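Visitor: I am new to this structure. Could you show me how to read its features, step by step?

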Amino acid sequence: MNALTAISRTAHAKINLCLHVTGQRDDGYHLLDTIVTFAEIGDQLTFENGDGVSLEISGPEAEGLVANGSNLVIKAADALANVANEHRGAKIELCKNLPVSSGIGGGSADAAATLVGLNDLWTKEYDSDALSKIGLSLGADVPMCLHGKPLRASGIGEQLEPVSMPAFSMVLVNPRVGVSTPEIFKALVKRDNPPAPRCPDSDDLSEWVSWLSRQRNDLQSSAIALHPSIQTALDSLETCASLLARMSGSGATCFGLFENDAQAAATAETIADQHPDWWVVATRSIV
Ligand code: C5P
């Protein structure tokens, strides 16, 4: 491969359209049944050959992130280099567009993009199963972020099944509270909730909205109890006539689904005007 070639990847936001907590493993990890889609918006990463592994972080959501070994991008690069016995190094740039600790998998998506980007840069040809195995050692959400398309996940999030669904017009709203995922799981009152029933196998918007409105995010009430502004974010989406408004992951980001992109864009503008300190974007999911 040409030494000057740069590889670019987008680390797409992960949206948990529903998230049922169905049990807990002996090691403390929770068993989940979740339907996930990915949004066009994401972090941008570029990978070039370099001496050692280095990371530079820029972008609107870069504040507070450190470019050291605690960053999932570096962890992913190190994990792949170890498995592959690779010593070539990489210069990685991360433009952070997604808020951190926000329930839309930014760190996991960055790790997934790094595994795929460096697999290409280092011409390793690991297949998706091998990358998923490395990914799971970095975080429960990394395998689904590697998949990057609508799916149903069970186990702790690593057992994946592709799902057919429409591309949703959506608004993402984060009321600017950083949420600790372990803290939300710890605060759960009930851990043995029923899984979701069989989901639609179609790209029909109203069928999906009707099905999703009967499902839950079992982390939502404990997240709201700890961070009441999540309820305010949900209310803002409901007031703007979203088809469905719900929290993603362990929060605090909430999503609203809309009939079309124009309604989503108008809603994002309204909510951003009312809450200039919040993170608000209109986007579309990927199918
Ligand atoms: O795997 P990841 O590092 O993203 O998870 C962060 C934390 O969230 C875990 O340490 C665990 O406390 C909690 N978690 C869980 N069950 C899951 C996924 C995450 O309890 N399925």
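Visitor: How do the residues of the shell around the ligand divide into nonpolar, polar and charged?

Guide: This is a predicted model. Sort the shell by residue class. Here there are 6 nonpolar residues, 4 polar and no charged.

Visitor: Which residues surround the ligand?

Guide: Look for residues with a heavy atom within 4 Å of the ligand. They are G28, Y29, H30, L32, G139, A140, I156, T181, P182 and F185.

Visitor: Which polar atoms lie by an oxygen atom of the ligand?

Guide: For a polar contact, look for N or O pairs within 3.5 Å. The side chain of H30 has an N or O atom 2.8 Å from a ligand oxygen. A polar backbone atom of A140 is also 2.8 Å from an oxygen of the ligand.

Visitor: What lies 3.1 Å from a nitrogen atom of the ligand?

Guide: Check the backbone too. A backbone N or O atom of I156 is at that distance.

Visitor: How much of the ligand does the protein bury?

Guide: Start with the ligand by itself. Alone, the ligand exposes 450 Å². The protein buries 73% of that area.

Visitor: Where does the ligand sit?

Guide: The ligand occupies the largest pocket. Two elements each give two or more residues to the shell: β2 (30-48) and α5 (181-186).

Visitor: Which element gives the most to the shell?

Guide: That is α5, with 3 residues.

Visitor: Now the strands. In which sense do β2 and β5 pair, parallel or antiparallel?

Guide: Follow the direction of each strand, then find the bridges. β2 and β5 (residues 151-154) pair in the antiparallel sense, over 3 bridges. For one residue pair, take T34: its bridge partner in β5 is A153.

Visitor: How many bridges join β5 to β6?

Guide: There are 4, and these strands run antiparallel. β6 covers residues 159-162. L151 has P162 in β6 as its bridge partner.

Visitor: What do β5 and β6 form?

Guide: They make a hairpin, with 4 residues between the strands. In the turn, G155 has a positive phi of about 70°.

Visitor: Which residue other than glycine has a positive phi near 45°?

Guide: Most residues other than glycine have a negative phi. Here T123 has the positive value. Find T123 in the loop between α2 (106-121) and α3 (128-136).

Visitor: Where is a cis peptide bond?

Guide: Most peptide bonds are trans. The cis bond here joins G251 and A252, with omega about 10°. A252 is in the loop between β8 (244-247) and β9 (254-258).

Methods: Residues are numbered from 1 along each chain as its sequence is written. This is a predicted model: local features need pLDDT of at least 70, side-chain atom pairs count only at pLDDT 80 or more; totals for chains, interfaces and linings use all residues. Side-chain values use heavy atoms; hydrogens and water are left out. A polar contact is a pair of N or O atoms within 3.5 Å; within protein, one must be able to donate a hydrogen and the other to accept it, and residues adjacent in sequence count only if both atoms are side-chain atoms. Accessible areas come from the Shrake-Rupley method with a 1.4 Å probe; for residues, only the protein chains shown count as cover. On a 1 Å grid over the protein atoms alone, a cavity is a set of points where a 1.4 Å probe fits but cannot get out, and a pocket is an open set with protein on both sides within 12 Å along at least five of seven lines; lining residues have an atom within 4 Å of a point. A molecule sits in a cavity or pocket if more than half of its atoms lie within 2 Å of its grid points. Ala, Val, Leu, Ile, Met, Phe, Trp, Tyr, Cys and Pro count as nonpolar, Asp, Glu, Lys and Arg as charged, and the others, Gly among them, as polar. Two strands pair if DSSP finds at least two bridges between them.
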